[in-house]
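Please work through the exercises below with the sequence and the structure at hand. Each task is followed by a solution in steps.

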Amino acid sequence: MGPGTGQGYSVVLPEKLQTGKWNVYRSARSPLKLVTRFPDHPDIGTLHDNFEYAVEAFRDYKYLGTRVRVDGMVGEYKWMTYGEAGTSRSAIGSGLIYHGIPKGATVGLYFINRPEWIIVDHACSAYSYISVPLYDTLGPDAVQYIVNHASVQGHSNLQPFCPPQPEDVATICYTSGTTGTPKGAVLAHENLIANVAGSSLSIKFYPSDIYISYLPLAHIYERANQISMAHFGVAVGFYQGDNLKLMDDIAALRPTIFSSVPRLYNRIYAGIINAVKTSGGLKERLFNAAYNAKMQAIANGKYPSPMWDRLVFNKIKEKLGGRVRILTSGASPLSQDVMDFLRICFGGLIIEGYGMTESACVISAMDEGYLIPGAPAVVIAYVGSFLILSSVYFPEIKLVDVPEMSYTSDDRPYPRGEICVRGPIVFRGYYKADVQT
């Protein structure tokens with residue numbers, strides 16, 4: 001049942017479908033209409049509106065952070081505020097206008113995760129350019145030069161914003177090309193706002209939160225995260241750009257929000273389990289006793305004794321800085337073993353989502369109401385090996401039978417089929433590829 005609602009997590013639409021036997025489902029949190037805007041801020045219709053709201057609401061709060069190098073050594077994080085980022089955004093956008101870049105032009109973003117990436121993206125939104133994220137091949141020095149060059153011209157000749165409309169294209173986000181060559185998914189401002197607004201019904205962030213950015217900004221998962229972080233005034237710290245130094249960056253930043261993919265979570269799981277087995281003796285027995293006790297308590301609907309965290313799990317939590325309260329996972333399914341491990345060892349909320357570039361990120365995700373550590377996720381269907389969770393805020397979902405793959409809506413215990421999605425999150429189509437669209 002939904003949390004405090006007295007009803008299920010999803011509702012069936014009273015709609016007669018032309019094909020297939022499976023009903024169309026919509027979230028019980030918003031059964032009468034699909035979410036297109038933030039309920040508390042319905043005036044936010046574009047990415048520019050979203051960042052303007054953030055600048056006004058969180059002007060002096062920390063926003064974008066990078067580690068400072070002193071005497072060849074990497075030190076603590078240095079921060080730019082929301083207000084400072086807003087000023088830089090205006091300068092860069094004005095610089096693009098100064099250099100004759102016309103409204104509606106595509107602007108390539110071609111470097112690793114760093115503040116300049118985010119600021120240029122905000123500039124694109126403010127001046128009605130279309131950002132096109134690309135994978136990083138340029139070095140940070142070249143990027144710094146280009147941004148500084150545009151800013152020099154911009155600061156001396158600031159231009160008024162040229163804000164887009166919600167239906168205007170915000171970005172062309174290229175898929176990884178797993179089914180052929182990469183395809184450019186054309187996403188409008190209203191697609192991205194609807195997706196992040198829908199997600200906000202389930203989970204809230206705060207200006208006191210800290211997020212570490214290391215997932216590729218060329219992928220929709222991290223893009224949507226960044227939009228959400230700005231809306232809630234979260235501080236975003238960037239990794240150094242070296243995956244081998246990520247854990248060191250995490251230790252320095254001590255984030256409260258950590259987003260990742262199963263590949264990394266699997267590595268964390270394997271590393272800790274191997275370390276426990278290698279330690280042997282008393283340490284291994286203590287870990288196993290703590291793990292089993294916590295698992296048993298959760299299975300019985302009880303809160304585990306905090307003693308186990310003090311004795312065992314707080315040390316493990318330090319692997320992610322010791323303050324993480326929310327972990328999210330996407331891109332592929334987590335195994336139940338790893339999901340249970342994360343819940344027991346790290347605590348907090350572990351949220352698994354399903355989505356794609358073409359849906360502006362999330363299609364469906366766990367609802368906080370059943371995010372009880374150790375409890376299995378409530379599911380409404382399986383598609384291949386991936387579970388489709390029943391908390392759906394912004395699209396409507398149905399399954400279509402795929403007999404040649406033996407996926408049918410009659411499958412038990414969970415129906416299976418091809419996922420069909422409709423609603424405000426669905427993209428405009430593939431860029432210059434009408435047939436594939």
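The exercises concern a predicted model and treat cysteines, backbone geometry, salt bridges, aromatic side chains and a surface patch.

**Exercise 1. Determine how many disulfides the structure holds, and examine Cys361 as a test case.**

Solution.
- Step 1. The criterion is a pair of cysteine sulfur atoms within 2.5 Å.
- Step 2. For Cys361, the closest cysteine sulfur belongs to Cys173, at 9.5 Å, which is too far for a bond.
- Step 3. Over the whole structure, the search returns zero disulfides.
- Step 4. The surroundings of two cysteines can then be classified. Cys361 has a relative accessibility of 10% and is therefore buried, while Cys162, at 25%, counts as partly exposed.

**Exercise 2. Describe the backbone at Ala360 and Cys361, and place both residues in the secondary structure.**

Solution.
- Step 1. Recall the expectation: most residues other than glycine have a negative phi.
- Step 2. Ala360 is not a glycine, yet its phi is positive, at about 60°. Cys361 likewise has a positive phi, of about 115°.
- Step 3. Ala360 is located in the loop between β13 and β14, and Cys361 belongs to strand β14, which covers residues 361–365.
- Step 4. With a relative accessibility of 1%, Ala360 is classed as buried, because the limit for that class is under 20%.
- Step 5. Consider also Tyr354, a residue of strand β13 (residues 349–356). Its C-alpha lies 5.3 Å from that of Ser364, although the two are 10 residues apart in sequence. Tyr354 is buried, with a relative accessibility of 15%.

**Exercise 3. Identify which residues the cis peptide bond at Pro413 joins, and analyse the salt bridge of Asp411.**

Solution.
- Step 1. Most peptide bonds are trans.
- Step 2. The bond between Arg412 and Pro413 is cis, with omega at about 10°.
- Step 3. Pro413 sits in the loop that runs between β17 (396–400) and β18 (418–422).
- Step 4. Asp411 is engaged in a salt bridge with Arg416, in which the closest N and O atoms are 2.9 Å apart.
- Step 5. The two partners fall into separate accessibility classes: Asp411 is buried at 17%, and Arg416 is partly exposed at 24%.

**Exercise 4. Find which parts of the chain are tied together by the salt bridge between Arg67 and Asp248, then treat Asp121 and Arg223 in the same manner.**

Solution.
- Step 1. The search of the whole structure gives 12 salt bridges.
- Step 2. One of them pairs the side chains of Arg67 and Asp248, with an N to O distance of 2.8 Å.
- Step 3. Arg67 is in strand β3 (residues 62–70) and Asp248 in helix α7 (residues 246–253), so this contact ties together parts that are 181 residues apart in sequence.
- Step 4. Arg67 is buried, at 16% relative accessibility, whereas Asp248 is partly exposed, at 42%.
- Step 5. Another salt bridge is formed by Asp121 and Arg223, with 3.4 Å between the closest N and O atoms. This pair links helix α3 (residues 115–126), which contains Asp121, to helix α6 (residues 220–231), which contains Arg223; the separation is 102 residues. Both Asp121 and Arg223 are buried.

**Exercise 5. Characterise the aromatic contacts, and classify the pair formed by Phe341 and Phe346.**

Solution.
- Step 1. The structure contains 16 aromatic pairs.
- Step 2. In the pair of Phe341 and Phe346, the ring centres are 6.4 Å apart and the planes meet at 75°. Planes over 60 degrees apart count as edge-to-face, so this pair receives that label.
- Step 3. Phe341 is buried at 0% relative accessible area, and Phe346 is buried at 4%.
- Step 4. One aromatic cluster consists of Phe51, Tyr53, Phe58, Tyr61, Tyr63 and Tyr82.
- Step 5. A charged side chain also meets a ring: Lys183 lies over the face of Tyr430, 5.3 Å from the ring centre.

**Exercise 6. Locate the nonpolar surface patch that includes Leu311.**

Solution.
- Step 1. The patch is made up of Leu286, Met307 and Leu311, which together have about 220 Å² of accessible area.
- Step 2. Leu311 is part of helix α10 (residues 306–317).
- Step 3. The relative accessible area of Leu311 is 40%, so this residue is partly exposed.

How values were computed. Residues numbered from 1 in each chain as written. Predicted model: local features only at pLDDT ≥ 70, side-chain atom pairs only at ≥ 80, totals over all residues. Heavy atoms only, no water. Buried < 20%, exposed > 50% of the residue type's maximum accessible area, 1.4 Å probe, protein only. Patch = residues over 30% accessible without salt bridge, like charges linked within 9 Å, V, L, I, M, F, W, Y side chains within 5 Å. Areas by Shrake-Rupley, 256 points an atom, 1.4 Å probe, with all protein chains shown as cover. Salt bridge = Lys/Arg side-chain N within 4 Å of Asp/Glu carboxyl O. Helix = DSSP H or I, 4+ residues; strand = E, 2+ residues; numbered from the N terminus. Phe/Tyr/Trp six-rings, centres within 6.5 Å; stacked < 30°, edge-to-face > 60°. Lys NZ or Arg CZ within 6 Å of the ring centre and 35° of its normal.
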